[in-house]
Amino acid sequence: MRRCAGPLLRLAGRRALPLRHGAAAAFPASFSSSSDGSGGSRAPDTSLFVPVPLKPVGDAAEEDVGAELTRPLDKAEVLKSLNKFYKRKEIQRLGTENGLDARLFHQAFISFRKYIMESSSVSADLHIILNDICCGAGHVDDLFPFFLRHAKQIFPMLDCMDDLRKISDLRLPPNWYPEARAIQRKIIFHAGPTNSGKTYHAIQRFLSAKSGIYCGPLKLLAHEIFQKSNAANVPCDLVTGEERVYANEDARQASHIACTIEMCSTNTPYEVAVIDEIQMIRDPARGWAWTRALLGLSAEEIHVCGEAAAIDLVTELMYTTGEEVEVRNYKRLTPLTVLDYALESLDNLRPGDCIVCFSKNDIYSVSRQVEARGLECAVIYGSLPPGTKLEQAKKFNDPDDPCKILVATDAIGMGLNLCIKRIIFNSIVKPTINEKGEKEIDLITTSQALQIAGRAGRYGSSFKQGEVTTMHRDDLVQLKEILSEPVRPVKAAGLHPTAEQIEMFAYHLPDATLSNLIDIFVSLSQVDGLYFVCNIDDFKFLADMIQHIPLNLRSRYVFCTAPLNRKEPFVCTTLLKFARQFSRNEPLTFDWLCRHTKWPLAPPKNIKELVHLEAVHDVFDLYLWLSYRFMDMFPDAALVRNIQKKLDDIIQIGVCNITKLIRASQSSAASGAAEVVSEDFPLSRTKRDSRMFSDHRGAKSTEPLSVAHGRGSLANRLLREGLLTQEMLRQLESEWQDHGCRTVFPSNTGKKQPTVP
């Protein structure tokens, strides 16, 4: 009996879901660029489509209907027919028309073939078609409807691609904020360099308003405005991810709020809103928060503060909302001079000097050398708790304190008021992590250099003018070039998928992991030239880390947005334990946290212990952050905040005695100074080959590292930049000697090394 599959094939062709054409350009899967403006929809990155496992049918309890109607299948003949089906060009073309590119077509066929060959029975209609083909009464093309049905079972996104594209359409962000669009807002851009008074003028308007909100990039900045506002008798609440402080004793919300920018409300109406450091709208990780605040704050006046490089972008964004931008330009209030000479030696330090380093190892090394000269120094770097940073700043600023030198990272670029006379760049190259997770070092940008150099000679401090120079003579020429270049214009604003959008994606793709959902969302997302999709690597890292823990999607999303440094193993491990305990519906109590962190803790005896204390402080921050999102599961926020303050004091003791900790670490480490503590970036990921450097104009330099960026031997320079350790140098020396070569390597042992004759 011949079964004609022609009608089924035509029906499948009519019902098939072709890929849509003519939509706006999709954001590429690399997450690094925005629309090309071509107006055509970029094909999805199908490498992100993970097939849903489909188990073959085992020994069925019911009888094999297909076998009863025809006969049992000859699996050898079936295999030949399936392979012939796969090789048919017409079938491949039909697959393409139905959304199956070569990759998906191949994966779907492998799954389809495995399902048929390993199943004890298949559906009656498929059995009949296979039997007809094996008997010569049918054509292999008749299998296509069944193949397509199977493909859509393992790739459910094929059946809902239009819906997924609509959900991930990010081309009209202004429409996401109907409350802001319902009013006519006045936008005032306060543009100027560091120390120009731009933020001061915006804050004055904030204080005079009936209601207002200040949105800043750091807890320190939000805390500063919180204190200034209440000191001026303007009740102001503080809102950060980890903390809520009410100005009113009865915990009533005040009319003014100072918050970190991620915490601002787009639903509450205000008279005045201040958005600080607007140039961070281009930040690859956090830019979305500035975009959300700029487009979504429901305030009569929006005061935007930041670099003039962001004026054009803000103006264009506001053009799409029908709002005009008033620009107020400011000039620096005190002169800043780039000196014609480098410091060259720490013996030339003067009171009010700040040495800026770009790695912890340099911080430790320089601070010890400073104190070896009988000078007391304050130390500030990014991973220190905010309280410790403030105490170190207070110590440095105090005219009666003997501490007159500051050693810091670029963490001083914003958030701290410091009385600095002269900024000294210990280096003008900064470690970064590329998209492959490898460590690279690049010249600092003009924007970064101006932000740091501008901290010298702050208006209102004891120094009426600022100075800037470098530690090494060879760096000074390049620093002058960097500072003389115009700041690159801010070209695009960041966006990030919301929990609601991901939930809608999950509805259509219930078997996909959260990390995979995010990947597919970004791959399909459509943006115009004013926007880009922010980097979601940290989010995906956490999503993969907790994927095996049973959590509902909303809770999983919240855990993955937790602000933590994924390079800190102790903090990541703790988040994993938090999530596991949470999934069991067991509250994370104060006693549980103390057991995990081994609280109480003693002052650090070496650098390793200090680093661990900083990680514990981050764990307490993580607990507090989660406590405001899951109050019933993290119930002891008040107790944790109390011990965090005590831990802050313990860390301050360690930082005040940092040179003693360095000496203790070095005495216990046979490998010497370069191994006091691991770098901010894992050396296992570091490129150790000769690398090309981008100059500040984007050109490439192929000069060796020692020539292009410093003086002395290449080995010394690599040690100073943290790209080599003494242990690595010893291994290199051993390898050279094994090959019959002899060379010079620096050593901290004081022994003379063999030289090349």
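Guide: Two strands pair if DSSP finds at least two bridges between them; strands are DSSP E runs of at least two residues, helices H or I runs of at least four, numbered from the N terminus. This is a predicted model, so local features need pLDDT of at least 70 and side-chain atom pairs 80 or more, while totals for chains, interfaces and linings use all residues. Residues are numbered from 1 along each chain, and side-chain values use heavy atoms, without hydrogens or water.

Visitor: How many residues lie between β3 and β4 in their hairpin?

Guide: Start with β3, residues 236-239, which pairs antiparallel with β4, residues 244-245, over 2 bridges. V239 of β3 stands opposite R244 in β4. The stretch between the two strands in this hairpin is 4 residues.

Visitor: Which residue in β5 is the bridge partner of D237?

Guide: β3 also pairs with β5, residues 256-260, this time in the parallel sense over 4 bridges. D237 points the same way from β3 as V239, with C236 and L238 pointing the other way, and all four are buried (under 20% relative accessible area, 1.4 Å probe, protein chains only). Across in β5, the partner of D237 is I257.

Visitor: What is the relative accessible area of T597?

Guide: T597 is in helix α23, residues 590-597. Leaving aside neighbours within four places in sequence, T597 has contacts (heavy atoms within 4.5 Å) with F570, V616, V619 and F620. T597 counts as buried because its relative accessible area is 2%.

Visitor: How many residues of α24 are buried?

Guide: Helix α24 takes in residues 607-627, 21 in total. This helix is mostly covered, and its buried count is 16.

Key
The expected span of a helix is 1.5 Å times one less than its number of residues. Buried means under 20% relative accessible area, exposed over 50%, partly exposed in between (1.4 Å probe, protein chains only).
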